[in-house]
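Hi,

Here is the structure I promised to pass on. Have a look at it first, and then read on for what turned up.

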Amino acid sequence: MSGPTELELAGQVVELVRRLGGPAAQAEAVVTRADLALTRFANSGIHQNVSESTVGVRLRVHVDGRTAAGGGSVVTADGLSALVERTLAAARLCPPDAGWPGLTPPMPTPDAPPVDEATAHAEPDQRADRVGAFVAAAGGLSTAGYCRTAHRSSAFANSAGHSAYGRSVEAAMDGIARRDGVDGVARRSADRLSDLDGAELGAQAAAKAQAAADPVELPPGHYEVVFEPAAVADLLQNLSFYGFNGKRYAERQSFAEPGAAQFDRAVTVVDDPLGGSGLPFDAEGTGRGALTLVEAGTTRAVAHDRRTAAEAGAESTGHAVAGGATWGPMPRNLRLTGAAAGPASAVARSTTGAAAGAVVDADNAALVAGVRRGLLVTDLWYTRVLDPKSLVVTGLTRNGVWLIEDGTVVRAVRDLRFTESYPRALGPGAVLGLGARAVRQPDRVDGAWWAAPSLRLASWHFTGGASG
Amino acid sequence: MTEFDAATAAVQAALDAGARYADARVMHRRYESMTARNGDVEELTQDESIGLGVRALVGASWGFHAVPDLSDAAARDAGRRATRTAMASARVPGPSVDLVPVEAVTASWASGCQIDPLGVPLSDKGDLLVDATRTMAEHGADLAEGLYQIWDTAKWFVSSEGHRIDQRIRECGGGISATSIGDGETQRRSWPSYRGQYGTTGWELVESLDLAAHAAQIAEESRALLTAPLCPAGETDLILGGEQLALQIHESVGHAIELDRILGWEAAFAGTSWLDLAQLGSLRYGSELMNITIDPTIPGALGSFGFDDEGSPAVKRDAVRDGRWVGVLAGRDSAAMASLDYGGSVRADGWARLPMVRMTNVGLEPGPHTLEEIIAATDDGVLMDLNRSWSIDDKRLNFQFGCEVGWEIKKGRRGRMLRNPTYTGIGPLFWRSMDMLSGETVSWGTPNCGKGQPGQVGHTGHPAAPARFRNVRVGVSA
């Protein structure tokens, strides 16, 4: 890399604000260089293969009691000056910002996870080879998906004298195998590309697709369910964005009631950004660390940035994001803690005949074994919130559903639509079992992930079948 | 070095490195948004982004690389990297790639704009949102929110076939929402829709929305909804307002007719389509009232442009004619694969993203009725409007929508408000049940259409008017 470092650029921006806006002007700047690459395949061939080398500057200023933010991709001297000038001009025209929480004071930056240089500088051939392994392992089934790598190098500086620097890398793979219009899926997020085994994932997706053949339609109703980690990831994401969001909590739009036993005692949820692929500071320069949101069923906390923390009389939890004044602080690295001992050991009779392959590991096998009649659900799709406060969500199953009878997966089922309150479905007494092994699922953007074991719930409200 | 020079250098470098086709887009975008809450400006953001994305085709494989640097050296390096990435794609090859022919033109195009939205003083724009949100708060809203967004995008496109096209597209819009919070649930009313109405126009669009004039009413309605009766569950005749029908078109027609989905290119993420190319021209999609066009030439609609992002000129086409499926949204490569002779619907959401099949303006041609006529002709039903939630399966068949508000329709009259209205169905069955359609068409803009990996956000337009659908399942709840 040539030219100024991210930290030097961030410092230049803050100094420009001081020079152009006067000594009382407050400023914080984040400069991020990113190398993002994604190799996408469909119909078992690579059809879209992209990469980008970008740089971005985010600036927030507070001048004469007024606040504005800006961003840009031009990091020449002229480009930085233009960014500072227009952001200062915008701030001066804004009404007073009574809720301005002030800048983050100098503080130590936590240690970030080590960066795997091989992943940071991965070549297109390496991603293509993993795709090739996935395709080959699918045994002739049509496949589709992606392999991606991401490397970010980011620096923060503010006019209060605080600065921070960190890097993050992530690798992820997500793919389906198709048989007669039904799909099986396998996806993983990891800190190292070398931890992603395309052949293993391709074989798993293919086994699921084979087991999903000839699905039958079931009537809607309340079913006991075993959710695989991909499905549980959707629960975590919606709980995070709508519930553990400090802004929504302040607005009384969140279900969260810290101190209340809102969930089953089996539920412990921790936001752990440094547990993998995370930068060590947020958009306001606050250090990031683990935050327990739910402990043994009791809601313990919601996420805060400096603004929501000030409103709540609390401290920032390191969850500031660009645009956070509108969207609020959102945890994006949630882990649902697995059962300490895991469910009972794997039970061989959990699959039979054509449904063999539906159950991918011992966690699932043990959870399925306890179900008298219910559904094994791999993935949820297109989930949307009907009401944020009760967190009633509608969506569909995807990538495999199977009927369980007397502890055995007996046959594939066509996709179902559900309408369910997520907190209610996870409420006291509602969790009948948890797997031991949390599997990290990638988000649509790098740096966010959702780790969960399989989960057995007493009831899930399916409100429609595949044909309506 | 001009933008055209940078794009040309990138294309030439890609060819020199072994590509058989290459194109490059330089894009310069300025973006501004402001949000207000309860009478105060909440956030003001102004972004400016400039960069170049180059696409290279080697054999049957594509590669793409993007950089924020328009220097000759950076542009050439981007071209070479795109070609190198395409060569890596060949390790897992797909079928051969052809491009349907498009005349290589030198052209300029700009969207219409009476009032430059970035030229309107920030204080005026702030006053608009502050006043409207204050009024909503004064009329009972617990959460009164307002928003505007502005995009001013200049593009320079060059291809190895000789295209040299520059465009300037200005887009803007805004809206207000009032949320009332009750015991265990929230109710929301918006104007003119949640997060606003948008178009390829100047600030005159926002002025025409007259946000302040509607603030008090929607606040009072959001409060009243907390105690309104629940939308009953069952099958009934459903009248949809134009804004909700626009999203219905977007989700259950627009995405379904995307050729990349039909060909399986989006199978792992956005999904496929229930449509089979073998039935193009013969499949009955809906009732004979259903005439859907793909029309990027509509002045002011959000999905309008002069040329798409691979140099195809904007052309109006039929997607559904008299209820029969007759057209798709396509790009040059997907069209060739499907043995069709047109592309024209490929766009990228920025210089760092690969152009892909996107909706332009996909909407209904006007019908013969008015909303009041439809209500008067309905003995027993529900009128729903303004989207609150949307969900549809990966084949674009099974949908469920929630709206902000419902009204009971009894004996041809609009009655009491209903809360938590939802409806669900299967796309073609639903469209075949449409028996009345209004001519009160509005081109609704959707600025948040997600698709692709890495994710892209598309801006699409949807001409729509109120319509009636028979025997629809409504009132689905947890």
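Two strands count as paired if DSSP finds at least two bridges between them. Keep that in mind for the place where the chains join up; and note that this is a predicted model.

With that cut-off, strand β2 (residues 45-63) of chain A and strand β3 (residues 61-67) of chain B pair across the chains, in the parallel sense and over 3 bridges. One residue pair to click on there: A:Val50 has B:Phe64 in β3(B) as its bridge partner.

Now the wider contact between the chains. On the chain A side 78 residues take part, and they touch 66 residues of chain B. Which strand of chain A gives the most to that side? It's β2 again, with 11 residues. Sorted by class, the chain A side has 31 nonpolar, 30 polar and 17 charged residues.

Chain B also has an internal contact to look at. Its domain assignment gives domain 1 (3-225) and domain 2 (234-474), and the C-alpha centres of these two domains of chain B are 21 Å apart. Where they meet, 46 residues of domain 1 are in contact with 39 of domain 2. The domain 1 side of that contact is made up of 20 nonpolar, 17 polar and 9 charged residues.

Last stop, a hairpin in chain B. Strands β21 (residues 442-451) and β22 (residues 456-464) of chain B run antiparallel and share 8 bridges; among the partners, B:Ser443 is matched with B:Pro463 in β22(B). There are 4 residues between the strands, and in this hairpin B:Gly452 has a positive phi near 90°.

Cheers

Methods. Residues numbered from 1 in each chain as written. Chains lettered and ligands numbered in written order. Predicted model: local features only at pLDDT ≥ 70, side-chain atom pairs only at ≥ 80, totals over all residues. Domains from an automatic or database assignment. Contact = placed C-beta atoms within 7 Å. Nonpolar A, V, L, I, M, F, W, Y, C, P; charged D, E, K, R; others polar. Helix = DSSP H or I, 4+ residues; strand = E, 2+ residues; numbered from the N terminus.
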